[in-house]
Amino acid sequence: MEFIYKLLEWTPKVLPVLAKSAVVTLEVTAGSLIIALVLGIIVALARISRFKIISYPALIYTDLMRGTPALVQLFIIYFGLGQVEWIRESFLWIVLKEPYSCAILAFTLNTGAYSSEIFRSAFET
């Protein structure tokens, strides 16, 4: 019974934080899905190309992104790329130093790979 009283006391403090977090989650999701849609169509068209110089990089991208977990990709983009000296000194660091943009980039690359396979199978039928 004490747990219910603690929960009722705690809930008004936490709900505003959860609401803000839900908005950020929806922003990251919407942003990554919109960009991934375009990326997926481009990669799918590259995959069905008869030119190997175009289709092989698209195949490698889709296999690599679909073969690794999204959490690993997110860790590599956020924590790993910041360890590379020339990235920190380039214009890429403007984007990669922010967690929000790293999340959008990671989820875009991951979703774009899965979407490209869906689009490729639709284009081939």
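The chain exposes about 8800 Å², and carbon and sulfur atoms supply 75% of that area. The model behind these values is predicted. Of the 125 residues in the chain, 26% are buried.

**Overall form**

The chain holds 6 helices and 0 strands, and along the sequence its pattern reads α-α-α-α-α-α. With a radius of gyration of 20 Å, well over the 14 Å that the globule rule gives for 125 residues, the chain is more spread out than a compact globule. Taken along the principal axes, the box filled by the C-alpha atoms is roughly 65 × 45 × 20 Å. Among contacts between residues at least 6 apart in sequence, 69% join residues at least 24 apart. As for charge, the chain has 10 positive and 9 negative charges, and the mean positions of the two sets lie 6 Å apart.

The values for the chain as a whole are set out below.

| Property of the chain | Value |
|---|---|
| Exposed area | about 8800 Å² |
| Radius of gyration | 20 Å |
| Box of C-alpha atoms | roughly 65 × 45 × 20 Å |
| Distance between mean positions of positive and negative charges | 6 Å |

**Nonpolar cores**

In soluble globular proteins, nonpolar side chains tend to be buried together. In this chain, the largest nonpolar core consists of 6 residues, namely V43, A46, A58, Y61, M65 and A113. Two elements, α1 (2–47) and α2 (52–67), each give two or more residues to this core. The largest share comes from α2, which gives 3 residues. Another core, of 5 residues, lies apart from this one, and its members include I77, L96, C102 and A106.

V43, a member of the largest core, is in contact with A58, Y61, T62 and S116, leaving aside neighbours within four places in sequence. Two of these partners, A58 and Y61, also belong to the largest core.

**S115 in helix α6**

S115 is located in helix α6, which covers residues 99–124. The relative accessible area of S115 is 16%, so this residue counts as buried, the cut-off being under 20%. Not counting residues up to four places away in sequence, S115 touches A36 and G40.

Notes
Residues are numbered from 1 along each chain as its sequence is written. This is a predicted model: local features need pLDDT of at least 70, side-chain atom pairs count only at pLDDT 80 or more; totals for chains, interfaces and linings use all residues. Side-chain values use heavy atoms; hydrogens and water are left out. Helices (H or I, at least four residues) and strands (E, at least two) are DSSP runs, numbered from the N terminus. Buried means under 20% relative accessible area, exposed over 50%, partly exposed in between (1.4 Å probe, protein chains only). Contact means heavy atoms within 4.5 Å. A nonpolar core is a set of buried Ala, Val, Leu, Ile, Met, Phe, Trp, Tyr and Cys residues joined through side-chain atoms within 4.5 Å. The radius of gyration is taken over C-alpha atoms; the globule rule is 2.2 Å times the number of residues to the power 0.38. Accessible areas come from the Shrake-Rupley method with a 1.4 Å probe; for residues, only the protein chains shown count as cover. Lys and Arg count as positive and Asp and Glu as negative; His and the chain ends are not counted. The place of a charge is taken as NZ of Lys, CZ of Arg, CG of Asp or CD of Glu.
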